[in-house]
Amino acid sequence: MRPARADELVLLPALEEASDTLFLSLHIGPLPPPGTVADLNTAGVVLVIGDPPAGFARVDLLAGQAHLEQLAVHPDHGRQGRGRALVRAACRWAADHGHRELTLVTYRDVPWNAPFYASEGFVEIGPADEWLAARGHPPEQPVMGRFGTRVAMARPL
C-alpha cells in the first residue's frame with residue numbers, strides 16, 4: 001500500500017471503469033465515467049495496491065474533512081482483501097493527517113458497498129444528497145440515484 005506515483009495516475013481511470021463493471025450484474029449502470037487524471041491530481045491522496053496498481057483509494061477533502069471519494073479494485077484482483085486493505089489504509093492516512101472521521105457516499109443495498117463499509121466500522125449518517133448539500137456541495141449526478149438508495153457513511157478514526 002502506497003501513494004500513487006504520478007506516472008500511475010493515467011492507469012487508474014481504466015481500473016475504475018473495469019471495477020464499475022461489477023455493478024452490471026445488479027443492473028446498475030451505466031455509471032458516470034471514471035474520474036480523470038486531473039480529478040486524481042486534486043485528491044488529498046490516492047493510495048494504490050500492487051505494481052502496476054490492482055486497486056486504488058482516492059481520498060478527497062470535502063469542507064476540509066477526509067472523504068473516500070473512490071474505491072476501485074480490478075475485478076481480476078477482487079475478493080482477495082485488496083479493497084479492505086485500501087479502506088484501512090485510507091483510514092490510517094486520514095487519522096495521520098489529523099482527521100477525526102472518514103466519510104463516503106455509497107449504495108445502501110449493494111453487498112460490496114454499505115454492508116462492506118459497515119463491516120469496517122462505517123455507520124450511515126443520512127441520505128447522500130442531503131449530506132452533500134449540508135457541506136455546500138452539489139447533489140450527485142441523477143443517474144446514481146436511479147439504481148438504489150444512496151447514503152452517506154462515516155467512520156470515527
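1. Strand S5 (101-107) is mostly covered in this predicted model, since 6 of its 7 residues are buried. S5 pairs with S4 in the parallel sense over 2 bridges, and within this pairing the bridge partner of His-67 is Thr-103 in S5.

2. The wider sheet deserves attention next. Its 7 strands form an open sheet in the order S1-S2-S3-S4-S5-S7-S6, with mixed pairing. The edge strands are S1 (2-3) and S6 (123-127), each of which pairs on one side only. As a general point, the strands of a sheet pair through backbone hydrogen bonds, in either the parallel or the antiparallel sense. Here S3 and S4 run antiparallel and are joined by 8 bridges, and Leu-62 stands opposite Gln-65 in S4.

3. Which elements supply at least two residues each to the largest nonpolar core? They are strand S2 (45-49), strand S3 (55-62), strand S4 (65-73), helix H3 (82-96), strand S5 (101-107), helix H4 (114-118) and strand S7 (150-156). H3 gives the most to this core, with 7 residues. The core holds 24 residues, of which Val-59, Leu-68, Leu-71, Val-87, Leu-102, Tyr-117 and Phe-122 touch the most other members.

4. Tyr-117 can be followed in detail from its contacts. Setting aside residues up to four places away in sequence, Tyr-117 touches Leu-68, Leu-71, Val-87, Leu-104, Thr-106, Phe-122 and Met-153. A second core, separate from the one to which Tyr-117 belongs, has 9 residues, including Leu-9, Ala-43, Val-46 and Ala-72.

5. Phe-116 lies in helix H4. Is Phe-116 buried or exposed? Phe-116 counts as buried because its relative accessibility is 15%, and the cut-off for this term is under 20%. Again leaving out residues up to four places away in sequence, Phe-116 touches Leu-71, Gly-83, Arg-84, Val-87 and Pro-111. Of these contacts, the one with Gly-83 spans 33 residues in sequence, and the two C-alpha atoms are 9.6 Å apart in space. Leu-71 and Val-87 are touched by Phe-116 and also appear among the contacts of Tyr-117.

6. On the surface, Leu-22, Leu-26 and Trp-112 form a nonpolar patch whose accessible area together is about 240 Å². Leu-26 lies in the loop between helix H1 (12-20) and helix H2 (37-41). With a relative accessible area of 37%, Leu-26 is described as partly exposed, because that term covers values between the 20% limit for buried residues and the 50% limit for exposed ones.

7. The charged side chains form 10 salt bridges in the model. Asp-51 forms one of them with Arg-2, the closest N and O atoms being 3.9 Å apart. This pair links distant parts of the chain, with Asp-51 in the loop between S2 and S3 and Arg-2 in strand S1, 49 residues apart. A reader checking this bridge may wish to note that its N to O distance of 3.9 Å falls within the 4 Å cut-off used for a salt bridge. The two partners are placed in separate classes of accessibility, because Asp-51 is exposed at a relative accessible area of 57%, whereas Arg-2 counts as partly exposed at 23%.

8. The side chains of Arg-5 and Asp-7 also meet in a salt bridge, at 3.3 Å from N to O. Arg-5 counts as partly exposed at 36% relative accessibility, while Asp-7, at 52%, counts as exposed. Both residues belong to a network of salt bridges that links Arg-2, Arg-5, Asp-7, Glu-8 and Asp-51, so that the Asp-51 and Arg-2 pair described above is part of this network.

9. Glu-124 and Arg-108 provide a further salt bridge, their side chains meeting at 2.9 Å from N to O. Here too the pair links distant parts of the chain, with Glu-124 in strand S6 and Arg-108 in the loop between S5 and H4, 16 residues apart. Glu-124 counts as partly exposed at 41% relative accessibility, and Arg-108 likewise counts as partly exposed, at 34%. The strand that carries Glu-124, S6, is one of the edge strands of the sheet.

Definitions and conventions. Residues numbered from 1 in each chain as written. Predicted model: local features only at pLDDT ≥ 70, side-chain atom pairs only at ≥ 80, totals over all residues. Heavy atoms only, no water. Core = buried A, V, L, I, M, F, W, Y, C linked by side-chain atoms within 4.5 Å. Buried < 20%, exposed > 50% of the residue type's maximum accessible area, 1.4 Å probe, protein only. Helix = DSSP H or I, 4+ residues; strand = E, 2+ residues; numbered from the N terminus. Contact = heavy atoms within 4.5 Å. Patch = residues over 30% accessible without salt bridge, like charges linked within 9 Å, V, L, I, M, F, W, Y side chains within 5 Å. Areas by Shrake-Rupley, 256 points an atom, 1.4 Å probe, with all protein chains shown as cover. Pairing = 2+ DSSP bridges.
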